[in-house]
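Let's take a walk through this structure together, beginning with the whole chain and then stopping at a few places along the way. Keep the viewer open as you read.

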Amino acid sequence: MDFRELSHIMAIAKYKNITKAAESLYLTQPTLSKTLKTLEAEVGQPLFRRLGNKYIPTYAGERYIERAQEILQLKKELDQEMGDIISKNEGVLKIGFPAMRSTYMLPCTLPIFRSLYPEVRILIREEMSDVLVRLIQEGEIDLAFFNRFENDKDIDYTIMSREELLLVVSKENPLCGMGVKMHGCKYPHMDLRLLSDQNVIMQVPGQRTRSITDRIFKNAGMEPNIILETGNIQAEAELAARNFGVAFITETHLKHVACTDRLAFFSVGKPNTTVDFVAAYRMNSYIPYHAQEYMKIVKEFT
């Protein structure tokens with residue numbers, strides 16, 4: 001068994017098809033089939049069940065794939081660490097951001113990073129937070145930045161900053177006169193029960209702000225009247241400014257939207273709701289040197 005064989009088995013598991021797996025590895029289908037047959041003979045049992053052209057892992061195959069993924073991840077981390085020792089000025093940095101964060105964070109942080117490490121190639125993935133978590137777990141990216149909702153499996157975090165989730169309301173909405181001063185709140189506090197007859201604009205499931213907002217309403221024993229779900233926070237703020245509905249947006253995002261002069265902001269929760277903006281990476285894994293350096297830049301910016 002070697003790393004090449006492990007990669008071959010992982011490709012079959014990924015594509016569930018021997019031909020597609022072979023194409024991804026730049027091998028012929030008979031070559032990959034022979035590798036699989038030889039390996040199954042070595043372990044003494046089949047690793048995949050053949051259902052037509054589909055390859056489904058057996059129980060032994062599932063355990064093999066799980067361990068193979070761990071071994072390949074350790075090999076990747078070892079290569080990264082050795083590369084860092086040899087030279088701290090070259091490499092590839094794979095990072096992920098939710099789309100709204102990337103629009104204002106990348107222009108402020110990447111030029112600084114590039115000035116320090118001009119030879120490092122940067123690959124950016126813009127996805128919803130739940131997708132970024134999966135990409136970290138699968139080793140597809142080195143780290144990602146998003147709001148933490150709950151601890152995710154096999155993920156560690158470094159807190160970059162803490163921010164408040166705010167209720168965002170048009171200044172034309174009668175709700176604006178219903179906020180009250182409350183100890184511990186930076187903004188007037190709004191009782192969620194006052195939203196019973198309000199249309200609510202929500203972010204789409206999979207975004208962390210949506211998960212946090214759902215929990216706020218659940219804790220209040222309320223079912224919001226959702227008029228629209230959108231992944232576009234800029235549009236969400238603009239619609240709220242036009243009194244299309246009320247919305248929930250974090251403080252940092254609101255610094256980068258153009259309609260804040262037409263909006264009023266309120267704390268919600270007990271007495272408010274704060275979220276951690278974090279750098280996320282694989283648990284118990286080596287964080288590449290350039291990833292550590294980029295984290296420092298992001299922390300300074302936030």
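Two residues are said to be in contact when they have heavy atoms within 4.5 Å of each other. Keep that in mind, and remember too that this is a predicted model.

Start with the whole thing. The protein chain has 10 helices and 11 strands, and its C-alpha atoms fill a box of roughly 75 × 50 × 30 Å along the principal axes. Of its 302 residues, 47% count as buried. If you take the contacts between residues at least 6 apart in sequence, 73% of them join residues at least 24 apart. On the outside, the accessible surface comes to about 15,800 Å², and carbon and sulfur atoms account for 51% of that. As for charge, there are 38 positive and 39 negative ones, and their mean positions sit 2 Å apart.

Now zoom in on helix 6, residues 129-137. Which of its residues are buried? They are Ser129, Leu132, Val133, Leu135 and Ile136. Look down the helix axis and you'll see these buried residues fall within an arc of 165 degrees, so they line one face of helix 6. What do they pack against? The list takes in strand 3 (91-97), strand 4 (120-126), strand 5 (143-148), strand 6 (155-170) and strand 11 (274-282), plus helix 7 (208-219). Just past the end of helix 6 comes Gly139, with a positive phi of about 75 degrees.

Strand 11 deserves a stop of its own, since it holds Asp276. Is this acidic side chain's residue, Asp276, buried or exposed? With a relative accessible area of 11%, Asp276 is buried, because anything under 20% counts as such. Its side chain makes a polar contact with the side chain of Arg162, at 2.6 Å. Leaving aside neighbours within four places in sequence, Asp276 is in contact with Arg162 and also with Phe146, Asn147, Arg148, Ile159 and Ser161. Back up a little along the chain, into the loop between strand 10 (263-267) and strand 11, and you'll find Pro271. The peptide bond joining Lys270 and Pro271 is cis, with omega about -5 degrees.

Glu251 makes a good next stop. You'll find Glu251 in helix 9, which covers residues 251-254. Glu251 is buried, with a relative accessible area of 16%. The side chain of Glu251 makes a polar contact with the side chain of Lys186, at 3.1 Å. Again setting aside neighbours within four places in sequence, the residues in contact with Glu251 are Glu163, Glu164, Leu166, Lys186 and Tyr187.

Finish with a couple of backbone oddments in loops. Lys16 sits in the loop between helix 1 (3-15) and helix 2 (18-24). Its phi is near 55 degrees, a positive value in a residue other than glycine, and Lys16 is partly exposed, with a relative accessible area of 34%. Asp154 is in the loop between strand 5 and strand 6. Phi of Asp154 is near 65 degrees, again a positive value in a residue other than glycine, and Asp154 is partly exposed at 39% relative accessible area.

Technical notes: Residues are numbered from 1 along each chain as its sequence is written. This is a predicted model: local features need pLDDT of at least 70, side-chain atom pairs count only at pLDDT 80 or more; totals for chains, interfaces and linings use all residues. Side-chain values use heavy atoms; hydrogens and water are left out. Helices (H or I, at least four residues) and strands (E, at least two) are DSSP runs, numbered from the N terminus. Buried means under 20% relative accessible area, exposed over 50%, partly exposed in between (1.4 Å probe, protein chains only). Accessible areas come from the Shrake-Rupley method with a 1.4 Å probe; for residues, only the protein chains shown count as cover. Lys and Arg count as positive and Asp and Glu as negative; His and the chain ends are not counted. The place of a charge is taken as NZ of Lys, CZ of Arg, CG of Asp or CD of Glu. The arc is that of the directions from the helix axis to the C-beta atoms. A polar contact is a pair of N or O atoms within 3.5 Å; within protein, one must be able to donate a hydrogen and the other to accept it, and residues adjacent in sequence count only if both atoms are side-chain atoms.
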